[in-house]
Amino acid sequence: MKKYLNLFDFSQKVNYRTEILSGLTVALALVPEAIAFAFIAGLSPLTGLYAAFVMGLVTSILGGRPGMISGATGAVAVVIVSLAQQYGVEYVFATVILAGLLQMAAGLLRLGKLMRLVPQPVIFGFVNGLAIIIFMSQLSQFQTADGAWLTGSTLYIFLGLVFLTMLVIWGLPKLTKVIPASLAAILLVFGIVFFFGLDTRTIGDIASIQGTFPPFHIPDLPFTLETLEIIFPYAAIVAGVGLIESLLTLNIVDEITETRGRGNKEAVAQGTANILSGLFSGMGGCAMIGQSLINTSNGARARLSGIVAALMLLAFIMFGSSLIEKVPMAALTGLMIMVALGTFEWASLRTFRRMPKSDVLVMVLVTLVTVFLHNLALAVLVGVIISALVFAWDNAKRIRARKRVDEDGVKHYEIYGPLFFGSTTLFSEKFDVLNDPNEIVIDFAESRLVDMSAIEAVNKITERYKKVGKKVHLKHLSRDCRRLLANADDIIEVNVLEDPTYKVVVDR
């Protein structure tokens, strides 16, 4: 049974060695990711690194899921790239701040519970899509700066170091867990490259990470309605993408750790982090599934690992850039490939034959949208909509009517199955108005009127009987349904017997 986390969880038992070493590993993995995402957005590397520091620190302290790592992400970078190209970085900072305000509002309004509406096939598709994106993003490391594939000894050295990293990450936990396998792999590859003088790409070959403490900076742009019209659509998408990716990552970490985080608290923390990120020259971000899985696979379960990761990243930027820039990219590439392999839900492939075809379609579609459009919000939205339509269609076919005539010549229609917008047509087809006796009873004991379409369907069928001079009794309708029938149509006198008390969904 899952345990609920305390408000801040600073009182939970902490394995300090595991948390600190895992935080160091995550910090090393954050560097190339933050730089890459900043490049995707058309911004400077420090913009991504500052975002990773602020997002990671704030969400680790205030978030609803200890052990989860936040930072600059590709999902946010893809959204803001056109804004950065067209209007500049100042508009990006303002957009991130506004997105943070929207996320805080969502958390305070307790909208995190809407994640319950995301079906499992959508989560599978989302996770599989992210795993493919993480893997494909590493292929660029096998290319030169001009896009040509590595060849000769350069390729063989890089491949050998990548495979060595993957081998250590896979095999070391089987021998010992004294040190996180991913950190051991990075240190081993770093040592081999350093002592043997191997010529291979390092972090410093991508970009310099040297900088100062993130400077406080109010966005330099006109505070006008026109500016709001420009940034609000981007802010809304950033807020939506950030919340979806963060809350889905929270659910995944929940399953791994067998504890339960707090979605609304995480939404407020993500919003706070984005506001501060925009004020401290960062590009914004959200939860990072890859780094979160690195952290949890290392055994980290507390907030300390995320705090250490953020502070170590800042230390790299301010004091250790010359050393960190010498870390081979092959080690980080191997690490991220192992993360991709661990992220992919291989079990989802084995259930293809046992899953309903509609679920398989949803899972594959969400995966494809995630991979090719890099729009996680759209992928999840498409998956939820299709799942909802399939559910509505399946339930629409379940409306049935048992028919019998009693000893007094009264015909009874015993309805079972939900009556809602999708099943109203089949409901109407159950009745033989012209050939029925002068008195009928429609019994809803095993049914339920779900929405206004159902109310209107009952109105129409009773009106049809009224026109031919026949009397209708409605049984087991709630008081709420009866009131809506009276308000909707005052043309029939309804005799209601043995009523339940449920309410119908209606926008009044």
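**Exercise 1. Getting a feel for the chain**

Among contacts in the chain between residues at least 6 apart in sequence, what percentage join residues at least 24 apart? Work that out, then sketch the overall make-up of the chain.

*Solution.* Keep in mind that this is a predicted model.
- Step 1: take the contacts between residues at least 6 apart in sequence; 81% of them join residues at least 24 apart.
- Step 2: list the secondary structure, which comes to 20 helices and nine strands.
- Step 3: look at the extent. The C-alpha trace spans about 100 × 55 × 50 Å along its principal axes.
- Step 4: check burial. Of the 508 residues, 54% are buried.

**Exercise 2. Deciding where to trust the coordinates**

Find which elements have the lowest and highest confidence, and which stretches fall under a pLDDT of 50.

*Solution.*
- Step 1: start with the average. The chain has a mean pLDDT of 85, and 92% of the residues score at least 70.
- Step 2: go to the extremes. Strand 1 (residues 3–4) is lowest with a mean of 40, while helix 4 (residues 89–108) is highest at 96.
- Step 3: pick out the weak stretches. Residues 1–8 stay under 50, and the model gives them 22 contacts beyond four places in sequence. Residues 487–497 are also below 50, with 20 contacts beyond near neighbours in sequence.
- Step 4: apply the caution. Where pLDDT is low, don't read the predicted coordinates in detail.

**Exercise 3. Placing Phe-344**

Is Phe-344 buried or exposed, and which residues does Phe-344 contact beyond its neighbours within four places in sequence?

*Solution.*
- Step 1: locate Phe-344. You'll find it in the loop between helix 14 (329–343) and helix 15 (346–350).
- Step 2: compare its accessibility with the cut-off. Buried means under 20%; Phe-344 has a relative accessibility of 16%, so it counts as buried.
- Step 3: list the partners. Leaving out neighbours within four places, they are Asn-128, Ala-131, Ile-132 and Leu-349.
- Step 4: try a long hop along the chain. Val-76 lies 268 residues from Phe-344, and their C-alpha atoms are 21 Å apart.

**Exercise 4. Helix 5 against helix 14**

Describe how helix 5 (residues 120–137) packs on helix 14.

*Solution.*
- Step 1: read off the geometry. The axes come within 8 Å and cross at roughly 160 degrees.
- Step 2: classify the angle. Helix 5 is therefore roughly antiparallel to helix 14, and their crossing is left-handed.
- Step 3: name the contact residues. Helix 5 brings Val-127, Ala-131, Ile-134 and Phe-135, and helix 14 brings Met-336, Ile-337, Val-339, Ala-340 and Thr-343.
- Step 4: sort by class. The contact of helix 5 with helix 14 has eight nonpolar residues, one polar and no charged.

**Exercise 5. Two partners for helix 17**

Work out how helix 17 (residues 376–396) sits against helix 9 (residues 225–257) and against helix 16 (residues 357–373).

*Solution.*
- Step 1: take helix 9. Its axis comes within 8 Å of that of helix 17, with a crossing of roughly 70 degrees, so the two are roughly perpendicular. The crossing is left-handed.
- Step 2: find the meeting points. Gly-240, Val-241, Ile-244, Glu-245 and Leu-248 of helix 9 meet Leu-376, Ala-377 and Val-380 of helix 17. By class, the contact of helix 9 with helix 17 has six nonpolar residues, one polar and one charged.
- Step 3: move to helix 16. Helix 16 and helix 17 pack at about 165 degrees with axes 8 Å apart, so they are roughly antiparallel. Helix 16 passes helix 17 in a right-handed crossing.
- Step 4: sort the second contact. Residues of helix 16 that meet helix 17 include Val-362, Leu-365 and Val-369. The contact of helix 16 with helix 17 divides into eleven nonpolar residues, four polar and no charged.

Conventions: Residues numbered from 1 in each chain as written. Predicted model: local features only at pLDDT ≥ 70, side-chain atom pairs only at ≥ 80, totals over all residues. Heavy atoms only, no water. Axes fitted to C-alpha atoms, helices over the stretch in contact; angles between N-to-C directions. Helix = DSSP H or I, 4+ residues; strand = E, 2+ residues; numbered from the N terminus. Parallel < 35°, antiparallel > 145°, perpendicular 65-115°, else oblique. Left-handed = near helix turned anticlockwise from the far one by under 90°. Contact = heavy atoms within 4.5 Å. Nonpolar A, V, L, I, M, F, W, Y, C, P; charged D, E, K, R; others polar. pLDDT = per-residue confidence, 0-100. Buried < 20%, exposed > 50% of the residue type's maximum accessible area, 1.4 Å probe, protein only.
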